[in-house]
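Trainee: I would like to take a close look at a single part of this model, the sheet and the turns that connect its strands. Could you walk me through that part with some care?

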Amino acid sequence: MNEANYQYKDFVATRLYCAKCRASMPVVERLLLVLPDGYLYEYLCQECGEVLGDRKVSLKAGDQQLF
Ligand SMILES: [Zn+2]
């Protein structure tokens, strides 16, 4: 509808439920580990810093020689 709302779509506004804040909170994505075949990110509550989850991102073929 309003295209101006989409100009920052690269910033993924992930929200996860935080037990401490008792609400769905915006999270900060932090690179936790570089693995041989991907990256492990963890998600921290933007408000209290509690770890709310993690995510493994596999490298695409061709990216594996970067490091
Ligand atoms: Zn929190």
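Trainee: To begin with one connection, through how many residues does a hairpin join β2 to β3?

Mentor: The hairpin that joins β2 to β3 does so through 2 residues, and, bearing in mind that this is a predicted model, that connection is a useful place from which to follow the sheet in both directions. Strand β2 covers residues 23-35 and strand β3 covers residues 38-45; the two pair in the antiparallel sense over 8 bridges, and within this pairing E29 has Y43 of β3 standing opposite.

On the other side of β2 lies β1, made up of residues 15-18, which runs antiparallel to β2 and is joined to it by 4 bridges; here Y17 stands opposite S24 in β2. These two strands also form a hairpin, with 4 residues between them, and R22, which is placed in the loop between β1 and β2, deserves a separate look. Its phi is near 55°, a positive value in a residue other than glycine. Most residues other than glycine have a negative phi. As for its surroundings, R22 has 8 other C-beta atoms within 10 Å and is therefore exposed, given that a residue counts as exposed if 12 or fewer such atoms lie within that distance.

Continuing from β3 in the other direction, we find that β3 and β4 pair in the antiparallel sense over 7 bridges, with L44 standing opposite V51 in β4. The hairpin of β3 and β4 has 5 residues between the strands, and in this hairpin G49 takes a positive phi near 85°; in the turn between β1 and β2, by comparison, the residue with a positive phi is R22, at about 55°.

Taken together, these pairings give an open sheet of 4 strands in the order β1-β2-β3-β4, with antiparallel pairing. Its edge strands are β1 and β4, the latter spanning 51-58, and each of these two pairs on one side only. From one strand to the next, the twist averages 40°. When you inspect the strands themselves, keep one general point in mind: in a regular strand the side chains alternate between the two faces of the sheet.

Conventions: Residues are numbered from 1 along each chain as its sequence is written. This is a predicted model: local features need pLDDT of at least 70, side-chain atom pairs count only at pLDDT 80 or more; totals for chains, interfaces and linings use all residues. Two strands pair if DSSP finds at least two bridges between them. Axes are lines fitted to C-alpha atoms, for helices over the stretch in contact, and angles run from 0 to 180 degrees between N-to-C directions. A residue is buried if 20 or more other C-beta atoms lie within 10 Å of its own, exposed if 12 or fewer, and partly exposed in between; C-beta atoms are placed from the backbone.
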